[in-house]
Every structure is written in C-alpha cells, then in structure tokens.
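Please open the model in your viewer and follow the stops below in order, making each selection before reading on.

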Amino acid sequence: MAKLIIEGGRALKGQITVRGAKNAALPILAGTMLIPEPVRITNCPRLTDVENMVGLLKTLGCRTKWDGDALLIDASSARTAELPEGLAGSIRSSVFLLGPLLGRFGAAEAPYPGGCDIGNRPVDLHLKGLRAMGVRVDETSGRIRCLGRPKGTEIALEYPSVGATENLLMAACGAEGDTILVNPAREPEIDDLMAFLNGAGFELKREGSSRIRIRGGRRGRATAHSLLPDRIEAGTYLVAAAITGGHLVLRGGRKEHLSALLTALKEAGCRIRAEGTDLDIEGPERPRELRRLVTLPYPGFPTDMQSQVFALCTVARGTSVLEENVFEDRFRHGAELRRMGADCDLRGRAAVIRGVRSLHGAQVTARDLRGGAALALAGLRAEGITVVEEAERIDRGYMDFAATLRSVGAAIRREDE
Ligand code: EPZ
C-alpha cells in the first residue's frame with residue numbers, strides 16, 4: 001500500500017514535460033497482437049496499467065523488452081488466444097485484446113474485464129459489434145469466448161464508446177472485406193491507434209467526424225510509433241497550477257486536445273498562454289466558480305478531468321454545478337473532499353459545490369485513479385497536512401506523480417508500506 005503526505009499552501013512554480021498517453025498506449029499494445037513482426041513503441045510511460053498489459057502480452061507468447069522509454073514487442077511467436085483469469089480480469093483494457101486476437105487468429109477468449117470504481121463498465125457494445133462481424137460470441141460461465149474470422153460490414157455504434165471503437169477497428173484490420181464504423185469515438189487516442197496501425201501496413205481512415213473506414217485483408221508488418229502526449233496528465237498538472245495559484249509551463253502538450261478544459265480553466269480565472277507545444281498557466285489567488293460543467297464524449301469536457309476540476313471548485317468564490325454524463329459512479333472523491341472541509345451535494349449525475357475559502361488537511365482515501373489525483377490536488381491547497389491512502393491507484397495513470405509535483409515546489413512525499 002502507498003500513501004502520499006502533502007503539506008498544503010505552496011504555489012507551484014516551474015516546468016513539467018508531458019509524457020506519452022496511457023489511453024493510447026493500452027490499445028496500441030493490444031494492437032501489436034495483429035502484427036507478427038517486431039514493433040517499437042516510444043514515449044511509452046511506465047505505468048502499472050502498462051506493465052499489466054505487457055504481462056498479458058507475455059502470457060500470449062509475445063517477447064517484450066524495455067529500452068529506456070521505448071517498449072519493444074515481438075508478437076511473431078504469439079500462439080494462444082486465451083487470457084488467464086488473474087491478470088486479465090483485473091484490468092479493463094484486457095478486453096481490448098479480443099479484437100486483435102480475432103483479427104490475427106480468428107479466436108479469442110477472455111474473462112469479463114474487472115468492473116471498476118467508476119461504474120459497472122459493460123462491454124455489450126464491443127460484443128454486439130463483433131457479432132455484427134459474424135463472430136460467434138459465447139458469454140456463459142463468466143468468460144467471453146469468441147470464434148470465427150471477422151467479416152467486414154457496416155456497424156453503427158449506439159454510443160461512441162472509446163473501447164468498443166478501438167476493439168472493433170482492430171478486429172476489422174484482420175477481417176475479410178472492408179468495415180465502416182458509424183458514430184465512432186473521436187478521442188485523440190483513437191487517431192493515435194489508427195496512425196500506429198496505418199504505420200504497420202493496415203489501412204484505416206476517418207471519413208468526416210462520424211465514420212471510420214477500415215480495409216480488410218491486410219497483414220501487419222514491423223513498425224515504430226511514438227505515443228501522443230497524455231492530455232489527461234497535462235490537464236491534471238494544469239489544475240495543480242490553478243488550485244495553488246501557481247505558475248507552470250507544461251512542455252510537449254497538444255493544446256488542441258485540451259480545448260474544453262482550457263475554456264473551463266479560463267472561466268475559473270486562470271491566465272493561459274500557448275506557445276507551440278508549451279502551455280503556460282498562471283492560477284488566480286482564488287478560482288471563480290464554474291456555473292455549469294458537463295462531461296461528454298470528445299471533444300466535450302473529458303470525464304477523466306471531472307474529479308480534478310471538482311477539487312478546484314471546492315475552493316471557488318461561488319457555487320459550481322458539475323454533471324457527470326459518461327460514468328454512473330464517478331463522484332466518490334466528493335465524500336473524501338468533504339472530510340477536508342468541502343461543501344458539496346451529490347445528486348445522481350450532478351454535483352453542487354459551494355466554494356469555501358479554504359480546505360483543511362485530512363486523512364483521505366483514493367477510490368479510483370483520477371479521484372486519487374484530485375485528492376492530492378486538494379491537499380496542495382489545503383491548510384495543514386493531507387494524507388492520501390491507497391495512492392497506488394494513482395500510479396495506474398501517472399508516472400512519478402509525487403516527484404513531478406515536488407519538482408515544481410510541492411511539499412509532497414510518498415510512503416510505501
Ligand atoms: C476509456 O474507457 C478510457 N480508458 C477511460 O479512461 C475514459 O474515461 C473513457 O474511455 C471515456 O473517455 C482507456 O482508454 C483505457 P467507454 P472505456 O467505452 O473505453 C458505457 C482513465 O481514468 N459503455 O467510452 O471503458 C460505459 O459504461 C480511464 O484513464 C457501455 O455501456 O470508455 C461508460 O458509461 C477511466 N457499453 C460509457 O459507455 C460498452 O460496451 C463510456 O465508456 C462500453 C461502454
């Protein structure tokens with residue numbers, strides 16, 4: 001178990017370099033199963049979710065090797081298409097492997113991916129799409145068993161699910177015939193996955209904002225790919241500057257992937273300048289409230305930034321209303337923030353947050369990855385000492401989180417028990 005001990009009240013100052021995106025790394029690592037030749041992924045963050053996915057690839061017979069921030073994967077000797085209970089059930093992204101395994105072997109088997117702390121995380125849209133491609137999907141006995149080479153077809157997604165889009169476009173790469181995905185997700189990580197697959201000899205392209213065409217019958221070949229920067233890591237550190245009234249320069253981000261967040265932070269009173277791939281942010285002495293913020297699929301406000309902005313709103317001048325439309329249980333950080341003096345009501349999909357002049361340090365618990373990061377951000381502002389328990393959850397999505405914050409002036413240390 002790990003915990004973070006934070007002494008609040010310091011305005012952060014300095015520079016942070018944005019690392020590669022976790023939510024691009026995971027589907028791309030799954031996609032290496034489509035390619036029977038060596039692949040090199042650079043700018044790859046060493047996160048627990050990434051290490052777990054590497055573990056899954058090894059159980060499928062892949063050879064993997066870290067070389068600095070580059071990850072070398074060789075799936076040429078991969079044979080089995082069956083994922084083991086233990087590891088696969090524990091990380092959601094194991095479900096991403098169904099598509100590439102079907103595309104490569106015409107068979108795939110996996111346990112139901114672990115639901116997690118932000119909702120029950122069904123995979124019905126993934127399986128409905130695979131069935132539409134002629135794959136036989138059997139869901140008895142708590143495992144997902146798929147059989148049959150996917151056949152190209154047109155699939156309309158009822159909801160622009162990120163994971164379902166990624167799974168289906170990877171299955172389509174190995175299908176007989178072309179596939180059209182209608183109403184696919186538009187997150188930038190999908191485009192990074194498509195760029196990776198195109199670099200490996202597959203042929204995928206967006207046709208306007210509501211269709212992706214995937215040519216079937218291609219064979220993947222050796223390639224190298226550098227991951228796009230992590231917009232959620234970048235956004236989290238932007239909020240760290242906002243909540244502490246600090247001044248940070250984020251290097252290597254992509255402002256065009258952050259426009260909804262930047263709009264919200266300007267509404268909260270931050271001064272933000274973008275120069276090339278640098279984002280320069282100065283936080284206000286006390287943030288203004290966000291009258292109404294609604295999380296939506298990209299390019300709407302990202303659900304993965306909701307808890308961090310929730311923390312910012314707890315010390316705002318007025319009352320903020322946040323609506324979480326993507327996941328059904330993503331306000332668990334609210335109760336923890338109340339222990340620090342926040343004044344908030346949680347009403348189903350909406351949170352009403354009445355800003356207080358200051359929070360006080362407390363012992364709190366990270367309930368999920370982004371909620372844990374939000375508690376740490378609140379601790380940076382709070383008077384006194386905050387201890388964030390179960391901080392290993394934060395390691396799933398942030399490399400060296402405490403060290404990165406310390407490098408820009410935070411009084412934060414980590415204790416591993
Ligand atoms: C991806 O999850 C991300 N994870 C999540 O990031 C992110 O919050 C989410 O997309 C939305 O942007 C990875 O990329 C590894 P969805 P995913 O399928 O694919 C429902 C983080 O903190 N749904 O777009 O699971 C689902 O229940 C993580 O980095 C179905 O009903 O997201 C949810 O309510 C958290 N049936 C909504 O759609 C399905 O078959 C969005 O899910 C699939 C999804």
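**Between the domains**

Begin where the two parts of the chain meet: five residue pairs, both members at pLDDT 80 or more, are in polar contact between domain 1 and domain 2. On the side of domain 1 that touches domain 2, the residues divide into seven nonpolar, two polar and 10 charged. Bear in mind throughout that this is a predicted model.

To see both parts whole, colour residues 2–17 together with 229–416 as domain 1, and residues 25–226 as domain 2. The C-alpha centres of domain 1 and domain 2 are 31 Å apart, and the contact between them involves 19 residues of domain 1 and 16 residues of domain 2. About 1600 Å² is buried between domain 1 and domain 2, with carbon and sulfur atoms giving 53% of that area.

Next select Tyr 298, Arg 396 and Met 399, which supply 32% of the area that domain 1 buries against domain 2, more than any other three residues. Keep Arg 396 on display and add Asp 49: the two form a salt bridge, in which the closest N and O atoms are 2.9 Å apart. The count of salt bridges between domain 1 and domain 2 is two.

**Inside the structure**

Now return to Tyr 298, which is also one of the residues that line the largest cavity. Which other residues should be selected to show the lining of the largest cavity? Add Arg 231, the run Glu 256, His 257, Leu 258, Ser 259, Ala 260 and Leu 261, and then Pro 299, Gly 300 and Pro 302. The space in this largest cavity is about 60 Å³, and a search of the whole structure finds two cavities of 30 Å³ or more.

How values were computed
Residues numbered from 1 in each chain as written. Predicted model: local features only at pLDDT ≥ 70, side-chain atom pairs only at ≥ 80, totals over all residues. Heavy atoms only, no water. Domains from an automatic or database assignment. Contact = heavy atoms within 4.5 Å. Buried area = accessible area lost by both parts, 1.4 Å probe. Salt bridge = Lys/Arg side-chain N within 4 Å of Asp/Glu carboxyl O. Polar contact = N/O pair within 3.5 Å; in protein donor to acceptor, adjacent residues only side chain to side chain. Nonpolar A, V, L, I, M, F, W, Y, C, P; charged D, E, K, R; others polar. 1 Å grid on protein atoms, 1.4 Å probe; cavity = no way out; pocket = protein on both sides within 12 Å on 5 of 7 lines; lining within 4 Å. Points joined across faces, edges and corners; volume = space filled by probe spheres on them.
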